[in-house]
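The exercises below are meant to be worked with the coordinates open, and each task is followed by a solution in steps.

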Amino acid sequence: MASHPTPPAAPGRWEANAPPVRYPDPDVIVLDPRFQALITPLAAIERIATGFRFTEGPVYFGDTRGLLFTDIPNDALLRWDEVTGQVAPLRQPCGNIDGNTRDRQGRLISAELGSRTLTRTEHDGTVTVLASHFQGTRLTGPNDVVVKSDGSIWFSDNGAGIRGHYLGDKAPKEMPFRVYRLDPETRDLTIAIDDMERPNGLCFSPDESRLYVVDTPAANRLTRVYDMVDGMPRNGRLFFDGAGHADGIRCDTEGNVWAGFSGGPGQDGVAVFAPDGTLLGRILLPERCANLCFGGRKRNRLFMTASQSVYALYVEAQGALGG
C-alpha cells in the first residue's frame, strides 16, 4: 500500500506555555472522507501525563473514572485520575506489565513481560496467575491481551521482555512466539496462531468474526487479519503493510481498526483503518505511540500511550467491547 503524504505536527504546541490549539486540530489528518464521521472538529489532542520512560497497556475503568497504564522500564502500574488529572502508582514492581484489558466481570487482565506470566487482578486486589507455561515450558513473555465475549482470553507471547534488561530480564528463547487462547474454566492453553515471527497487538472485530494481529519482527512489520471459524482463527492474510508499523490495536463499534503507530515524523501517533484495509486518517503525536484504548463516560475518548507521555482525544467513534 502506498504511503500518504502527511504534514508535520503543529510546531511548538507541546512546549511550555504554548498557545491554545485552533480547531480543527491540525494534527488530526483526514486521508479518506470516511474519517470525517469518526472525528470531531471541536476537540484537540491533549497530553494528560508525561515524565515516564516507555508507557504501554492503557485500559479504562469507568467505575472509578480512571485510566490504568504502565511504565515498563520503571516496572510500574499507574493510574491517571480523570477527575483530578493526577497520576499515582498502583503496583510497583508489577512484573513489567505490557498489555492490559478487562474481562467481562470487570477484572484487570495483564500480560507481564518481566514475570513472563498472564495474570488477573481480583476485585479485592489479589493477583492470580492464569498462565506461566505451555506444555511444561515457560512462556517467553505475554505482550498484549484481549477477552472474547465467551470469556476466553487471547494473548500474544513474543519475548519482548527477554531480549534485554530494559523491559524485563534477558533470557534465552525457549520456544516459538505465538498467540494463545486461554480457556476461562480449565485454564488450558491452546495455540491459536503460530505463523508469525513476533505477534504483538491484537483485537477482535465488534462481531468477533475477525481477529487482527500485528506482527513486529525486525523487518517487514505488518498487520494480518484472520477469519474466526469454529472459534479459532483461520485464513490469515495481509491487512496492512506500508510506511510505518502498528503496535497495539483496538476496534471501534463500526469495525474500524485504530492502531498505535510508529514511523517517524508525520506517522508517529495513531493510524486508523477501515475494515477493508484503507488508511482513513492519522492522529499525529510528537512521540511514537505503542498502544491505545477507548474510554470516558461515552467510550468515545481515545487514550494513547506514547513513549514518555500519555495523550487523549475525544472522537466520534466508540470503542468495541473486549478491548
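**Exercise 1.** Determine whether phenylalanine 261 and phenylalanine 273 are buried or exposed, and classify the geometry of their ring pair.

Solution. In this predicted model, phenylalanine 261 and phenylalanine 273 are both buried. The next step takes the two descriptors of the pair: the ring centres are 6.4 Å apart and the planes stand at 50°. Pairing requires centres within 6.5 Å, and an angle that is neither under 30 degrees nor over 60 counts as tilted, so the pair of phenylalanine 261 and phenylalanine 273 is tilted. Finally, placing the residues in the chain shows a link between distant parts, since phenylalanine 261 belongs to strand 22 (residues 257-262) and phenylalanine 273 to strand 23, 12 residues apart.

**Exercise 2.** Classify the pair formed by tyrosine 212 and phenylalanine 239, and state which parts of the chain the pair ties together.

Solution. The centres of these two rings are 4.9 Å apart and the planes make an angle of 65°; with the edge-to-face class beginning over 60 degrees, the pair of tyrosine 212 and phenylalanine 239 is edge-to-face. Tyrosine 212 lies in strand 18 (residues 210-215) and phenylalanine 239 in strand 20 (residues 232-240), so the pair joins parts that are 27 residues apart in sequence. Both tyrosine 212 and phenylalanine 239 are buried. As a last step, the ring pairs can be followed onward, which gives a cluster of Tyr212, Phe239, Phe240, Phe261 and Phe273, within a total count of 14 aromatic pairs.

**Exercise 3.** Describe the largest nonpolar core and find which strand gives the largest share of it.

Solution. The largest nonpolar core has 23 residues, and Trp258, Val270 and Met304 have the most contacts inside it. Two or more residues come from each of strand 23 (269-273), strand 24 (279-284), strand 25 (291-295), strand 26 (301-306) and strand 27 (309-314), with strand 26 giving the largest share, 3 residues. Another core, of 16 residues, lies apart from this one and includes Val225, Phe239, Ile249 and Phe261. Turning to methionine 304, and leaving out residues up to four places away in sequence, one finds that its contacts include Ile45, Val270, Ile283, Cys289 and Tyr311.

**Exercise 4.** Characterise the largest pocket by its volume and by the residues that line it.

Solution. The volume of the largest pocket is about 380 Å³. Its lining consists of 19 residues, among which Arg163, Leu167, Asn200, Asp247 and Arg288 lie nearest the centre. Sorting the lining by residue type yields 7 nonpolar, 5 polar and 7 charged residues.

**Exercise 5.** Locate the cis peptide bonds that precede proline 24 and proline 93, and the positive phi values of glutamate 208 and asparagine 235.

Solution. Most residues other than glycine have a negative phi, and most peptide bonds are trans. Tyrosine 23 and proline 24 are joined by a cis bond with omega about -10°, and proline 24 sits in the segment before strand 1 (28-30). Glutamine 92 and proline 93 are likewise joined by a cis bond, with omega about 5°, and proline 93 falls in the loop between strand 6 and strand 7. For the backbone angles, glutamate 208 has a positive phi near 60° and is placed in the loop between strand 17 (199-204) and strand 18; its relative accessibility of 17% is under the 20% limit, so glutamate 208 counts as buried. Asparagine 235, also not a glycine, has a positive phi of about 60° and is found in strand 20.

Definitions and conventions. Residues are numbered from 1 along each chain as its sequence is written. This is a predicted model: local features need pLDDT of at least 70, side-chain atom pairs count only at pLDDT 80 or more; totals for chains, interfaces and linings use all residues. Side-chain values use heavy atoms; hydrogens and water are left out. On a 1 Å grid over the protein atoms alone, a cavity is a set of points where a 1.4 Å probe fits but cannot get out, and a pocket is an open set with protein on both sides within 12 Å along at least five of seven lines; lining residues have an atom within 4 Å of a point. Grid points are joined across faces, edges and corners, and a volume is the space filled by probe spheres set on the points. Ala, Val, Leu, Ile, Met, Phe, Trp, Tyr, Cys and Pro count as nonpolar, Asp, Glu, Lys and Arg as charged, and the others, Gly among them, as polar. A nonpolar core is a set of buried Ala, Val, Leu, Ile, Met, Phe, Trp, Tyr and Cys residues joined through side-chain atoms within 4.5 Å. Buried means under 20% relative accessible area, exposed over 50%, partly exposed in between (1.4 Å probe, protein chains only). Helices (H or I, at least four residues) and strands (E, at least two) are DSSP runs, numbered from the N terminus. Contact means heavy atoms within 4.5 Å. Rings of Phe, Tyr and Trp (its six-membered ring) pair if their centres lie within 6.5 Å; planes under 30 degrees apart count as stacked, over 60 as edge-to-face and the rest as tilted.
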